[in-house]
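Visitor: I am new to this structure and would like a close look at a single part of it, the sheet. Could you take me through it slowly, together with whatever lies around it?

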Protein chains: 2
Amino acid sequence: MIQVIKIGGGILENEAQRNAFLRQFAAVAGPKVLVHGGGRLATTMAERLGVETQMIDGRRVTDKETLNIVTMVYGGLVNKQVVAQLQTMGVNAIGLTGVDGGWMKSVKRPIKNGIDYGYVGDVIEVNGAHLRILLDKGLTPVIAPITYSAEGLLLNTNADTVASQTAISLAPDVQLTFCFEKEGVLSNPDEESSVIAKITPKSYTQLKADGIVSGGMIPKIDNAFAAIEHGVQSVRITHASNLQGGTIIVE
Amino acid sequence: MIQVIKIGGGILENEAQRNAFLRQFAAVAGPKVLVHGGGRLATTMAERLGVETQMIDGRRVTDKETLNIVTMVYGGLVNKQVVAQLQTMGVNAIGLTGVDGGWMKSVKRPIKNGIDYGYVGDVIEVNGAHLRILLDKGLTPVIAPITYSAEGLLLNTNADTVASQTAISLAPDVQLTFCFEKEGVLSNPDEESSVIAKITPKSYTQLKADGIVSGGMIPKIDNAFAAIEHGVQSVRITHASNLQGGTIIVE
């Protein structure tokens, strides 16, 4: 069983949380893959460089200069720091973006309704065999969310999507974990102890009908079910400090 | 025969020269490795970020912030751009620093005569087997000159050294090529057509005695002979636009 674990950039920015998370990740047995975001580090770097971050509907617009910053910060700084730290913990990590080994291809998102997100990639092709080669050699891929197009454009890509697509490419013997800053899917958003232990398609329909699951959690869970439909065994949504806990989503 | 080719950052900064070089590199038959520098891009980025570049005897002092810049620019931006471009040329490139797969370890250069170069690495251990695994799978490693210490420090490392050490780790069936902005080792520094086609230990002694080879060329050639003493078959010093030309250094 391969574990694909996605960690948000927010956790990585905080040294204590990052160390705690990476120690847990290092302790996960068997073949594993880490997918990371970059969080506010790219925004901070853009500010320092005097590059304005343009947002449309809460999404960053990736102009050429922002793309370069994202490539530097996610693909260079964050990725190599995580790899170095994992190496000291005995994990033979190898940093990758989608272009390294040409394993995750995308297309530049088309302009729609007049909205141009710029250098953003929508994943179209994933070569899980490339990751398997590395995993078979005892390596642990650490993936920054940058993909590339047939024309050789680097493209900024949603890290949750990169994680799902990675897991799907390794199906069926794979489990996917999304780590974030809550304990899991909560039945009461103000109560961290109200974690829903397990969600199935049936219970999900009910949870939505009852208004217990709503807002930003819906695309996350939809995404999880999509991964399961494509052969991923289970998807876990949990706090970064509790890799075995949280909510498990199964068929 | 494995080809290890080192390209300076200067060539990569110029789009026309970079394209021409990469096309030549793509055409090299058989297993190959590219080692690149980052040139003035890191200095430019440091200037934009208001980080002062401190130099001692013409060498950059790598403080913590400069290290982050070097990691971003060489390990992120330059590396991924080159990999993407090679992918479009049909080369299955994979970007690496020394920490990816833990294959090139170094120690932080000790303070000597009161001079502290900061986060600079002196290579101590190279695992050629890691590169061979990738090469055997048809991958072409593209290496940024960053190594790491046992403590998990990323360390800025001389790209010529990274290239030599890479070639040595793959010896004996390996040839090393240093590309730079001259046609080769010249017998008359003002005359690009005065390339010395071949240098042996014996002819090198004579060239030095006659004052034909001097200055900055001496450490370059010494470095080449060191690689040969460690089993590398030959070392070529040539212009980036002429991978088959220049000066060849053999035992």
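Guide: Of the 251 residues of chain A in this predicted model, 47% count as buried. For a chain of 251 residues, a compact globule would have a radius of gyration near 18 Å, and chain A agrees with this because its own value is 18 Å. Measured out along the principal axes, the box that the C-alpha atoms of chain A fill is roughly 45 × 45 × 35 Å. Among the contacts in chain A with a separation of 6 or more, 70% are between residues 24 or more positions apart. The secondary structure of chain A comes to eight helices and 14 strands, and the sheet you ask about is built from eight strands.

That sheet is open, its pairing is mixed, and its strands follow the order 5-8-2-1-11-13-14-12 in chain A. At its edges stand strand 5 (93-96) and strand 12 (198-199) of chain A, each with a single partner strand, so one side of each is left without a neighbour in the sheet.

Let us stay for a while with strand 2 (residues 32-36) of chain A, which is mostly covered, since five of its five residues are buried. In general, the side chains of a regular strand alternate between the two faces of the sheet. In strand 2 of chain A, Lys32(A), Leu34(A) and His36(A) point one way, while Val33(A) and Val35(A) point the other way, and all are buried.

Strands of a sheet pair through backbone hydrogen bonds, and they may do so in parallel or antiparallel fashion. Strand 2 of chain A runs parallel to strand 1 of chain A, to which five bridges join it, and Gln3(A) stands opposite Lys32(A) in this pairing. Strand 2 of chain A also pairs with strand 8 (residues 140-143) of chain A, again in the parallel sense, over two bridges, and here the bridge partner of Val35(A) is Ile143(A).

Further along the order, strand 13 (residues 234-239) and strand 14 (residues 247-249) of chain A pair in the antiparallel sense over three bridges, with Ile237(A) opposite Thr247(A). Across this part of the sheet lies helix 8 (residues 217-229) of chain A, which meets strand 11 (174-180), strand 12, strand 13 and strand 14 of chain A and runs at about 150° to strand 13 of chain A.

The sheet can also be read against the division of chain A into domain 1 (2-170) and domain 2 (171-234 + 245-251). The centres of domain 1 and domain 2 of chain A, taken over C-alpha atoms, are separated by 22 Å, and the contact takes 16 residues from each of domain 1 and domain 2 of chain A. On the side of domain 1 of chain A that touches domain 2 of chain A, the elements that give two or more residues are strand 1 (2-7), helix 1 (9-13) and helix 6 (159-169) of chain A. Strand 1 of chain A supplies the largest share of that side, six residues, and the residues of the side divide into 10 nonpolar, four polar and two charged.

Chain B has an open sheet of eight strands as well, in the order 5-8-2-1-11-13-14-12 and with mixed pairing. There, strand 1 (residues 2-7) and strand 11 (residues 174-180) of chain B run parallel and are joined by six bridges, with Val4(B) opposite Leu176(B). Helix 4 (residues 64-88) of chain B packs on this sheet, touching strand 2 (32-36), strand 5 and strand 8 (140-143) of chain B, and its direction makes about 170° with that of strand 5 of chain B.

The two chains also meet, with 31 residues of chain B in contact with 32 residues of chain A. Helix 4, strand 5 and strand 9 (146-148) of chain B are the elements that give two or more residues to the side of chain B that touches chain A. Helix 4 of chain B gives the most, with 13 residues, and by class that side of chain B has 13 nonpolar, 13 polar and five charged residues.

One residue of helix 4 of chain B is Gln85(B), which is buried, with 22 other C-beta atoms within 10 Å. Leaving aside its neighbours within four places in sequence, Gln85(B) is in contact with Gly152(A) and Leu22(B). Gln85(B) and Leu22(B) are 63 residues apart along the chain, and 7.9 Å separate their C-alpha atoms.

Definitions and conventions: Residues are numbered from 1 along each chain as its sequence is written. Chains are lettered from A and ligands numbered from 1 in the order in which they are written. This is a predicted model: local features need pLDDT of at least 70, side-chain atom pairs count only at pLDDT 80 or more; totals for chains, interfaces and linings use all residues. Helices (H or I, at least four residues) and strands (E, at least two) are DSSP runs, numbered from the N terminus. The radius of gyration is taken over C-alpha atoms; the globule rule is 2.2 Å times the number of residues to the power 0.38. A residue is buried if 20 or more other C-beta atoms lie within 10 Å of its own, exposed if 12 or fewer, and partly exposed in between; C-beta atoms are placed from the backbone. Two residues are in contact if their C-beta atoms, placed from the backbone, lie within 7 Å. Two strands pair if DSSP finds at least two bridges between them. Axes are lines fitted to C-alpha atoms, for helices over the stretch in contact, and angles run from 0 to 180 degrees between N-to-C directions. Domain bounds come from an automatic or database domain assignment. Ala, Val, Leu, Ile, Met, Phe, Trp, Tyr, Cys and Pro count as nonpolar, Asp, Glu, Lys and Arg as charged, and the others, Gly among them, as polar.
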